Amino acid sequence: MDLTVYKTSPAHNDFRSDTFTTPTVSMIESLASATLGDAVYNEDKATIDLESKVAKIAGKEAGLYCVSGTLSNQIALRVNLLQPPYSVMCDYRAHVYVHEAGGMATLSQAMPQAIKPKNGVHLTLEDDILPNFIPDDGEIHGAPTKLISLENTLHGMLFPLEEIKKISAFCKKNDVKLHLDGARLWNASVATGISISEYCQYFDSVSLCLSKTLGAPIGSVLVSSKKFIAKANHFRKQNGGGVRQSGLLARMASTAIDENLPKLEKTHKMALELGKLCEENGIALEHPVHTNFVFVDLAETKISYDILRQVSEKYNLKFASGRIAFHYQISDESFEAVKKAVLDAYEIAKDNKDDVVAAPKFYQAQEAN
Ligand SMILES: *Cc1c(COP(=O)(O)O)cnc(C)c1O
């Protein structure tokens with residue numbers, strides 16, 4: 001097999017999402033050392049190794065390799081919940097609520113309580129959770145809050161550990177489960193220096209993505225207690241997520257963790273630098289930049305989708321929207337180009353008299369990832 005074609009990633013100029021990475025030469029080479037057992041029968045060593053490896057990083061007893069983060073999140077919600085009626089509380093922008101095809105309602109029969117955080121960044125116990133919490137106290141009109149699902153990072157923003165601790169203590173005291181969509185917990189850990197396991201100890205279940213920021217071809221690992229994972233495996237099977245010879249994918253994912261985790265810091269540096277450049281030039285952002293995303297506020301800056309298309313063609317870059325995503329395969333040349341492209345777009349937008357309307361469907365779909 002000629003691997004030289006994989007040396008430069010075609011994703012070097014792709015800012016649509018941190019999921020637009022391509023497998024590296026070493027990932028492909030690691031296929032040769034994969035085992036070929038049946039993972040549904042729990043007979044595949046490479047899959048078991050990956051599950052144990054991620055569980056160990058997270059400080060949890062067990063892990064379950066899932067084909068996607070959507071699957072691992074949704075089966076985690078399902079295992080955490082027992083008998084309806086109940087509600088699941090989460091941020092109004094949470095992936096489990098906005099981008100998982102209504103799974104919470106259809107798979108768990110749960111009433112979502114989507115909350116807009118008062119501080120605009122993350123939920124807090126005092127301002128957001130307590131005023132909306134529905135206790136299971138015999139009052140029969142409501143659907144008691146039985147699970148809180150947090151996301152870290154959310155839109156690239158960090159969830160402070162101190163707040164997680166408070167929420168976790170509240171949950172324990174009130175018989176409420178706590179799930180973490182940690183698709184990008186890797187980024188949070190790299191940015192803060194707080195270990196993955198330190199974050200995870202406060203949650204009943206955590207979903208960690210391998211295909212997003214780390215660049216594995218597919219998959220997420222759900223981590224929790226042994227008992228929880230045994231039940232999650234039941235739901236994984238029910239949802240068609242039992243993969244037979246997953247050792248091939250598991251080996252690639254394991255290589256991705258080893259090689260790419262240390263590369264995340266650079267993606268944060270790039271995003272922070274672009275964020276600063278925007279700030280210095282009066283280019284409004286939707287959110288503060290904490291890790292690998294810069295959200296240019298298109299409505300505020302009047303950068304239309306036409307203008308985005310113009311500059312993406314001029315500089316040979318790919319954009320999905322005002323959300324500019326950094327991943328480890330973005331090249332230094334593309335980084336220089338993206339800075340010019342954003343400044344250019346802002347200049348052109350100064351003549352734009354029209355309001356920027358909602359993103360075309362095509363772009364909305366890509367922002368989900
Ligand atoms: C992408 C994403 C998921 C789901 O991952 P898929 O593998 O695409 O299903 C879950 N949570 C967050 C925050 C994500 O960005």
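The residues of the shell around the ligand divide into 1 nonpolar, 6 polar and 5 charged, where Ala, Val, Leu, Ile, Met, Phe, Trp, Tyr, Cys and Pro count as nonpolar, Asp, Glu, Lys and Arg as charged, and the others, Gly among them, as polar. The model is a predicted one, in which local features need pLDDT of at least 70 and side-chain atom pairs count only at pLDDT 80 or more, while totals for chains, interfaces and linings use all residues. Residues are numbered from 1 along each chain as its sequence is written, and side-chain values use heavy atoms, with hydrogens and water left out.

**The ligand site**

The shell holds 12 residues, and the closest are Gly69, Thr70, Asp181, Arg184 and Lys212; a residue is counted as near the ligand if one of its heavy atoms lies within 4 Å of it. Helix H3 (residues 69-80) contributes the largest share of this shell, 3 residues, and helices (H or I, at least four residues) and strands (E, at least two) are here DSSP runs, numbered from the N terminus. The table lists polar contacts of the ligand, each a pair of N or O atoms within 3.5 Å; within protein, one atom must be able to donate a hydrogen and the other to accept it, and residues adjacent in sequence count only if both atoms are side-chain atoms.

| Ligand atom | Partner: N or O atom in the side chain of | Distance |
|---|---|---|
| oxygen | Thr70 | 2.6 Å |
| nitrogen | Asp181 | 2.6 Å |
| oxygen | Arg184 | 3.0 Å |

The protein covers 90% of the 380 Å² of accessible area that the ligand has on its own, with areas taken from the Shrake-Rupley method with a 1.4 Å probe and, for residues, only the protein chains shown counted as cover.

**Leu77 in helix H3**

Leu77 lies in helix H3, and it counts as buried because its relative accessibility is 0%; buried means under 20% relative accessible area, exposed over 50%, and partly exposed in between (1.4 Å probe, protein chains only). Leaving aside residues up to four places away in sequence, Leu77 touches Val96, Met104, Ser108, Leu147, Ser149 and His179, a contact being heavy atoms within 4.5 Å. The C-alpha atoms of Leu77 and Glu139, which are 62 residues apart along the chain, are separated by 24 Å.

**Helices H7 and H15**

Helix H7 (residues 161-173) has 13 residues and should span 18 Å at 1.5 Å a residue, which agrees with the 18 Å between its end C-alpha atoms; the expected span is 1.5 Å times one less than the number of residues. Its buried residues include Leu161, Ile164, Ile167 and Phe170, as well as Glu163, Ser168 and Cys171, and what covers the buried residues of H7 includes helix H6 (125-132), strand E4 (145-151), strand E5 (177-182) and helix H9 (196-200). Just after H7, Asp175 takes a positive phi of about 60°.

For helix H15 (residues 332-349), 18 residues give an expected span of 26 Å at 1.5 Å a residue, and the end C-alpha atoms are likewise 26 Å apart, which agrees. Among the buried residues of H15 are Phe335, Val338, Lys339, Val342, Asp344 and Tyr346, and the buried residues of this helix pack against helix H12 (264-280), helix H13 (298-301), helix H14 (305-315) and strand E9 (323-325).

**Loops and backbone geometry**

The peptide bond from Pro84 to Pro85 is cis, with omega near 5°, and Pro85 has its place in the loop between H3 and strand E2 (87-91). Another cis peptide bond joins Asn152 and Thr153, with omega about 0°, and Thr153 is in the loop between E4 and H7.

Ala101, although not a glycine, has a positive phi of about 55°; this residue lies in the loop between helix H4 (95-98) and helix H5 (103-108) and is exposed, with a relative accessible area of 80%. Gln109, also not a glycine, has a positive phi of about 55°, is placed in the loop between H5 and strand E3 (111-115) and counts as exposed at 57% relative accessibility.

Ser321 is found in the loop between H14 and E9 and is buried, with a relative accessible area of 3%. A polar atom of the Ser321 side chain lies 3.0 Å from the backbone nitrogen of Arg323.
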